[in-house]
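Student: Could you take me through one part of this model up close? I'd like to see how a single helix is set up and what it packs against.

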Amino acid sequence: MPRTARALALLLSLCFALSAQAAQVKVNWTGDAELDKAFLLNNQGKYAEAFAMFSDLYKKDVPMAGAMVGRYYEDGRSVPEDKSKARALYKEALDKGEAFGSYHYYRLKQPFYLAHEEGNKALAAALEKDAEKGNAPIQAVLSNVYVKLDQPQRARYWLQKAADAGYAPSIYGLARSLRQRSPNEAREMMQRPPTSGTRPQSPR
């Protein structure tokens, strides 16, 4: 079997394994049970249900939910694509001091901000406050920021933290990084219970 086909087959098997795990586990990614459920639906590909939940939570003044509604409008997922509306929702989250929305505001509205070290340092400082509290979606975003800052140990630390919490995008990220050089390790990582796994030591 060609290498590309083998890699695709591995990723498909990992996706099925993760879906089975996600159906059996109660997640705690944000500290808000309803927001956690919306993120779980999103990660399971149930976009219409997730969008409805994020929208309801946004109406209840949950800033992170508003930022996720923005993501749906930015990507045109379950709703017509509307980047202007996405920017407005990200800006609203930014104005409320919500770090997740702030990251996406700068990523979409002012990409040059993320192209400079000082911009990334400022975002990392804001994101770390919520990442330290165990917010898995923010830990995943923070990992991306540290990649841009060329700090791979810190990037891996936060990616691993989010993956250990069972946060699917981070699990996929780790699996992608492992699948070429160590497919067996990637498969084992995906098949272990989402709340288990090696907890990395803080690089600080």
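**A close look at H2**

Tutor: Let's begin where H2 begins: a side-chain oxygen of Asp32 comes to within 3.0 Å of the backbone nitrogen of Glu34 at the start of this helix. That is a polar contact (a pair of N or O atoms within 3.5 Å; within protein, one must be able to donate a hydrogen and the other to accept it, and residues adjacent in sequence count only if both atoms are side-chain atoms). Helices here are DSSP runs of H or I with at least four residues, numbered from the N terminus.

Before going on, some ground rules: this is a predicted model, where local features need pLDDT of at least 70, side-chain atom pairs count only at pLDDT 80 or more, and totals for chains, interfaces and linings use all residues. Residues are numbered from 1 along each chain as its sequence is written, and side-chain values use heavy atoms, with hydrogens and water left out.

Now the body of the helix. H2 is mostly covered, with eight of its 11 residues buried (under 20% relative accessible area, 1.4 Å probe, protein chains only; exposed is over 50%, partly exposed in between). Among the buried ones are Leu35, Ala38, Phe39, Leu40 and Leu41, and so are the polar Asp36, Asn42 and Asn43. Past the end of the helix comes Gly45, whose phi is positive, near 80°.

So what does H2 pack into? The largest nonpolar core (buried Ala, Val, Leu, Ile, Met, Phe, Trp, Tyr and Cys residues joined through side-chain atoms within 4.5 Å) has 49 residues, and Leu35, Phe39 and Phe54 are those with the most contacts inside it. Elements giving two or more residues to this core include H2 (33-43), H3 (47-59), H4 (63-75) and H5 (83-95), along with H8 and H10. In soluble globular proteins, nonpolar side chains tend to be buried together.

Phe54 is worth a click. Leaving aside its neighbours within four places in sequence, Phe54 is in contact (heavy atoms within 4.5 Å) with Leu35, Ala38, Phe39 and Asn42, and also with Ala65, Met68, Val69 and Tyr72.

Two of the other core elements also share a salt bridge (a side-chain nitrogen of Lys or Arg within 4 Å of a carboxyl oxygen of Asp or Glu): Glu128 pairs with Arg154, their closest N and O atoms 2.9 Å apart. Glu128 lies in H8 (117-131) and Arg154 in H10 (152-164), so the pair ties together parts that are 26 residues apart in sequence. Glu128 is buried at 9% relative accessible area, and Arg154 is buried at 16%.
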